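Colleague: Please take a close look at one part of this model for me, the first helix, and set it in its surroundings. Keep it brisk.

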Amino acid sequence: MRIIQVAGLSNTGKTTFIRELIPVLNRQGKVAVIKHLGDHTFDLEEGKDTTGFFEAGAEISAGIDADKSVLAIRNNSLDTILLLLKNQGMDFVVIEGFKQRSFKKIVIGDLEIEGCILHNPAPDDVVGALGQFDIF
């Protein structure tokens, strides 16, 4: 599974770039995305059964509807989530944030950081450089 890490300062267009990159990568294989939420948290919807199960101490609470499954997992380890995605057969995981990790990076904006292999690329440029990204 290839790790494609996207780094940059706030409001530089990382999320927009990733949204454009996903359909390009989908032509090559299965894509997952991990977003580092930084200083804010993801709130589970109050009063819903799956939230209540998680609040009661379930390690994983899952909700399944006609189109998707949603998981709340009591684990905030990037490596654990990467392993979970690998076991689900993902070909690519795009990581937004986690700048401290040593994966090869795409940098959006003016950030200077080690491991940058592409700076402000077009999504199609990433496909040509896939072999340079880390394998997990």
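Modeller: The protein chain has four helices and eight strands. This is a predicted model. From the N terminus on, the order of elements is β-α-β-α-β-β-α-β-β-β-α-β. The C-alpha atoms fill a box of roughly 45 × 30 × 25 Å along the principal axes. Of the 136 residues, 35% count as buried. Take contacts between residues at least 6 apart in sequence: 61% of them join residues at least 24 apart.

Now the helix itself. H1 has 13 residues. Its span from first C-alpha to last is 18 Å, close to the 18 Å expected at 1.5 Å a residue. Its buried residues are Lys14, Phe17, Ile18, Leu21, Val24 and Leu25. An α-helix has 3.6 residues a turn, so residues three or four places apart point the same way. What covers the buried residues of H1 includes strands E1, E2 and E5, strand E6 (105-107) and helix H4 (123-128).

Next, the packing. In soluble globular proteins, nonpolar side chains tend to be buried together. Here the largest nonpolar core has 16 residues, and Ile4, Phe17, Leu25, Val94, Ile106 and Val126 touch the most other members. Strand E1 (2-7), helix H1 (14-26) and strand E5 (92-96) each give two or more residues to this core. H1 supplies the largest share, four residues. Look at Phe17 in detail. Leaving out residues up to four places away in sequence, Phe17 touches Val6, Ile106, Ile108, Pro121, Ala122, Pro123 and Val126. Another core lies apart from this one; it has 13 residues, among them Ile3, Leu82, Leu85 and Phe103.

H1 also borders open space. Rolling a probe the size of a water molecule over the atoms shows where empty space is left. The second largest pocket has a volume of about 360 Å³. Its lining counts 19 residues, and Gly8, Ser10, Lys14, Lys35 and His36 lie nearest its centre. H1 gives the most to this lining, with three residues. By class, the lining of the second largest pocket has three nonpolar, twelve polar and four charged residues. Lys14 thus appears twice: among the buried residues of H1 and among the residues nearest the centre of the second largest pocket.

For contrast, consider the largest pocket. Its volume is about 1,100 Å³. It is lined by 24 residues, and the closest to its centre are Lys35, Leu37, Phe42, Asn75 and Ile81. Strand E2 (31-35), strand E4 (69-73) and helix H3 (78-87) each give two or more residues to the lining of the largest pocket. That lining divides into 16 nonpolar, seven polar and one charged. Lys35 is listed close to the centre of the largest pocket and near the centre of the second largest.

One last residue, away from the helix. Isoleucine 135 sits in strand E8 (residues 134-135). Isoleucine 135 has a relative accessible area of 61%, so it counts as exposed, the cut-off being over 50%. Its contacts, not counting residues up to four places away in sequence, are Met1 and Arg2. Isoleucine 135 and isoleucine 3 are 132 residues apart in sequence, yet 6.1 Å apart in space, C-alpha to C-alpha.

To sum up H1: it gives four residues to the largest nonpolar core and three to the lining of the second largest pocket.

How values were computed
Residues are numbered from 1 along each chain as its sequence is written. This is a predicted model: local features need pLDDT of at least 70, side-chain atom pairs count only at pLDDT 80 or more; totals for chains, interfaces and linings use all residues. Side-chain values use heavy atoms; hydrogens and water are left out. A nonpolar core is a set of buried Ala, Val, Leu, Ile, Met, Phe, Trp, Tyr and Cys residues joined through side-chain atoms within 4.5 Å. Buried means under 20% relative accessible area, exposed over 50%, partly exposed in between (1.4 Å probe, protein chains only). Contact means heavy atoms within 4.5 Å. On a 1 Å grid over the protein atoms alone, a cavity is a set of points where a 1.4 Å probe fits but cannot get out, and a pocket is an open set with protein on both sides within 12 Å along at least five of seven lines; lining residues have an atom within 4 Å of a point. Grid points are joined across faces, edges and corners, and a volume is the space filled by probe spheres set on the points. Ala, Val, Leu, Ile, Met, Phe, Trp, Tyr, Cys and Pro count as nonpolar, Asp, Glu, Lys and Arg as charged, and the others, Gly among them, as polar. The expected span of a helix is 1.5 Å times one less than its number of residues.
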